[in-house]
Structure formats: structure tokens, C-alpha cells
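Me: I am new to this structure and should like to understand the terms used to describe it. Please explain on what grounds each term is applied.

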Amino acid sequence: MRTVRRLAALLGAAAMVLMGPGNAHAASGKVSETTTIGTHNAYDKSKYTYFAQALDSGASLLELDVYVDSLSHRWRVSHSNPLGNDNNCEYASTPSDLYSKQRNQDLGSCLDNIAAWNQLHPDHAPIVFKVEMKVGFNNNAGLGPDEFDSLVASKLGSSVYKPSDLLGSSYSTLDAAAKANAWPSRDALKGKFLFELIPGTVEQANPFDHYWTDQEYGDHLRDLYAAGNISAAQAFPAVLGAANGDPRTSRYDASIQPWFVFFDGDAASYVNNGYATSFYSTNHYILIMTDAAGVSPAISSTAPTDAEVAARLSLLAADHASIITSDWSAKSASVLGSVTARG
């Protein structure tokens with residue numbers, strides 16, 4: 001079956017190369033019914049000189065690595081420096097400031113860049129910001145989920161598609177809303193941003209940290225809903241790591257399992273292990289497959305051909321991915337902005 005799917009994917013990719021990436025029907029379909037492309041560590045200056053260029057790229061997902069700096073009470077954006085900023089976000093809060101100001105700013109400035117760029121492109125396709133909380137939250141230092149929500153809300157306001165938007169007035173958990181396919185169409189999400197939160201590599205390696213980002217924000221969503229304040233939440237926590245079956249049942253207390261509808265894991269682990277990824281599309285969950293270039297046959301993670309990207313998109317769409325990611329920053333917007341129907 002996998003071989004048949006791979007052949008179909010390659011044939012479909014050939015058609016995409018001839019006709020152009022994506023198709024009109026997929027581009028207007030629900031976000032739960034489409035597959036798109038994202039860029040790993042888009043804040044890295046070696047990928048884009050300015051974060052606004054990452055936004056220009058057409059990618060449907062851009063990643064930010066965030067450290068809570070408990071000494072300065074700042075949200076640092078960096079790959080490996082917990083006490084400083086090392087990124088392509090500018091000190092720029094208006095459209096005219098973009099592409100020219102000092103970089104290496106904190107998360108607030110990254111959000112300012114996003115807001116300024118949004119003014120220039122009010123009808124852009126929906127973009128997911130994958131935020132890796134490298135060392136987790138520090139609620140005791142005033143850098144917890146509440147403060148994260150407040151920062152995002154103050155910078156981006158109504159341009160964020162929030163958990164409460166998925167719930168609407170009909171559902172009491174995100175799981176119930178997702179299973180009912182209450183997700184909006186991509187057209188309805190023009191001009192919108194979504195935030196995905198995952199636990200960080202440092203947090204996961206810390207033997208003294210037993211309260212990771214995913215659980216903490218899951219508790220946060222549950223408690224906000226119980227208090228009648230779910231509209232304050234700005235992000236969707238993700239279940240991190242490829243697994244078979246429903247990974248929520250073995251990881252989380254039953255009270256927060258229904259607050260996870262984003263799943264995020266290595267593409268090759270899903271595909272090569274034969275995991276039943278139809279579970280995600282059947283329930284209309286958002287499945288992000290990372291390191292998409294590493295799936296056999298492996299392709300360049302930085303500079304593949306357009307045909308190779310099209311083939312990879314088609315292949316992993318058939319494996320029920322919602323977004324596939326790699327380090328494909330060198331591709332044009334016509335490639336990174338590709339949209340196809342999800343399998």
C-alpha cells in the first residue's frame with residue numbers, strides 16, 4: 001500500500017509541476033483538509049536577513065525558538081543563547097521600518113514585525129508560528145502562559161486565530177470541535193496567524209523539569225475554559241513526537257487530553273514505521289511533519305528542486321500531513337506557498 005501511495009504521489013507531483021503548485025480547490029479548502037509547507041528556524045539570520053523576508057516567503061509555518069530569561073524578565077529569541085537575542089527580528093513596529101532596522105530583538109519585536117508586515121499584506125494566507133519554548137515557561141518569574149497570551153494579544157490582536165475561535169459557541173473542548181471539522185476554510189483565515197507551542201530541547205533534557213510546555217499550556221486552556229475566559233488563550237499546544245495511535249492517552253491527564261488538536265513529529269518516523277496517520281485526518285487534527293526532506297528517497301533539506309518539493313508535498317499529503325517542514329528557505333513563494341489536498 002505504501003508503494004502504491006508513493007507512486008501515486010510521484011505522479012501527482014509531476015502533474016503539480018506541469019500545472020503549478022497546489023490547486024484552486026485545495027487553496028480554498030479547510031485548513032484541516034489541506035497540506036502546506038513550512039520553514040524550520042525561520043528566525044535564523046542565515047536563512048533570512050530579516051524576519052519580514054521569512055513572512056514574504058509564502059511558507060505556511062515559520063518557527064521561532066524562545067527562551068524565558070528569568071533575570072531580565074524578557075522573552076529571548078535565539079537558538080542557543082538563553083540570555084541574549086540572536087535572530088533576524090528587527091526593532092521595527094511600522095511597515096516603513098521593515099527590512100532596515102537593527103536585528104537581534106526579543107519576541108515582542110518579532111511580533112511587532114509580524115504586525116507591521118500584516119499591514120502590508122492584509123489578505124495573506126494563514127501562517128502558523130511554531131514556538132519552541134526552549135526552557136519552558138517560568139510562571140514564578142512572570143513568564144508563564146498568561147503573560148505569553150497577553151504579549152501576543154497586545155501585539156497582534158484580532159489577527160490571531162485562537163482556540164476560542166475553533167470552539168465557537170457549539171463546543172466545550174478543542175477535540176470535540178476538531179472532530180466536527182469546525183475548522184474554517186483557508187479563505188476565511190486570510191490575514192490570520194495561528195500559534196503552536198511545543199516543549200523545548202533544553203526543557204526536555206532538564207532532569208529537574210517535570211512540567212513541560214505542552215502540559216502547562218494544556219492545563220492553562222482547561223482552567224481558562226472552566227473560568228469562562230478561554231478567549232484569552234492565544235495558542236494551541238502540540239503533542240510533540242511521532243507515535244502510533246493516540247499519544248495523548250499515555251502522556252496527559254484525562255482532563256487536558258481534549259485540549260490537544262495539534263500534533264508534531266518527525267516525518268520519517270511516521271512514514272517509515274507505518275504509523276496509522278489516518279487517525280489525524282479522520283479526526284481533523286493538525287499534523288505537522290518535520291524534517292520532510294529526510295523521508296526516503298531523501299532530498300536536499302535546503303535547496304531541492306521544485307519538482308522534488310512538489311513530490312514531497314504530494315507524498316506526505318497522502319500520509320495525512322497538514323504541514324510539512326524543512327530548511328527550504330531558498331525556495332520561491334510559488335513553491336513554499338504550495339497548497340494541496342490532504343489525503
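Reply: Thr-35 offers a starting point: beyond residues up to four places away in sequence, Thr-35 touches Leu-313, Ala-317, Ala-321, Ser-322, Ile-324, Ser-338, Val-339, Thr-340, Ala-341 and Arg-342. Each of these counts as a contact because heavy atoms lie within 4.5 Å. The model is a predicted one, in which local features need pLDDT of at least 70 and side-chain atom pairs count only at pLDDT 80 or more, while totals for chains, interfaces and linings use all residues. Residues are numbered from 1 along each chain as its sequence is written, and side-chain values use heavy atoms, with hydrogens and water left out.

Me: Why is Thr-35 called buried?

Reply: A residue is buried under 20% relative accessible area, exposed over 50%, and partly exposed in between, with a 1.4 Å probe and protein chains only. Thr-35 has 0% relative accessibility, so the term buried applies. Thr-35 belongs to strand E1, residues 34–39; strands (E, at least two residues) and helices (H or I, at least four) are DSSP runs numbered from the N terminus.

Me: What makes the pair of Thr-35 and Ala-321 a polar contact?

Reply: A polar contact is a pair of N or O atoms within 3.5 Å; within protein, one must be able to donate a hydrogen and the other to accept it, and residues adjacent in sequence count only if both atoms are side-chain atoms. Here a polar atom of the Thr-35 side chain lies 2.7 Å from the backbone oxygen of Ala-321.

Me: On similar grounds, what joins the side chains of Arg-76 and Asp-69?

Reply: A polar contact of 3.1 Å joins them. Arg-76 lies in strand E3, residues 74–77, and its relative accessibility of 14% is the reason why Arg-76 counts as buried. Apart from residues up to four places away in sequence, Arg-76 touches several others, including Asp-65, Tyr-67, Pro-82 and Asn-85.

Me: How do you know which parts of the chain the predictor places with high or low confidence?

Reply: The guide is pLDDT, the predictor's confidence in each residue, from 0 to 100. The chain has a mean pLDDT of 93, and 93% of its residues reach 70 or more. Among its elements, strand E5 (residues 193–199) has the highest mean, 99, and helix H1 (residues 2–19) the lowest, 44. Over residues 1–5 the pLDDT is below 50, and this stretch has seven contacts in the model beyond near neighbours in sequence. Residues 7–22 also have pLDDT below 50, with 19 contacts beyond near neighbours. Where pLDDT is low, the predicted coordinates should not be read in detail.

Me: What makes the chain as compact as a globular protein of its length?

Reply: The chain holds 14 helices and 10 strands. Its radius of gyration is 19 Å, close to the 20 Å that the globule rule gives for 343 residues, so the chain is as compact as a globular protein of that length. The radius is taken over C-alpha atoms, and the rule is 2.2 Å times the number of residues to the power 0.38. Of the 343 residues, 56% count as buried.

Me: What makes E7 a paired strand, and which strands are its partners?

Reply: Two strands pair if DSSP finds at least two bridges between them. Strand E6 (residues 235–240) and E7 have three bridges in the parallel sense, while E7 and strand E8 (residues 286–290) have five, also parallel. Phe-262 of E7 stands opposite Ala-238, and its bridge partner in E8 is Ile-286. Strand E7 (residues 262–266) is mostly covered, with four of its five residues buried.

Me: Why do Asn-181 and His-320 deserve notice for their phi angles?

Reply: Most residues other than glycine have a negative phi, and most peptide bonds are trans. Asn-181 has a positive phi of about 55°, and His-320 one of about 75°; neither is a glycine. Asn-181 lies in the loop between helix H7 (174–179) and E5. His-320 lies in the loop between H13 and strand E9 (323–326). Asn-181 is buried because its relative accessibility is 11%, and His-320 is buried with a relative accessible area of 13%.

Me: Where is there a cis peptide bond?

Reply: It joins Ser-296 and Pro-297, with omega about 0°. Pro-297 is placed in the loop between E8 and helix H13 (306–318).
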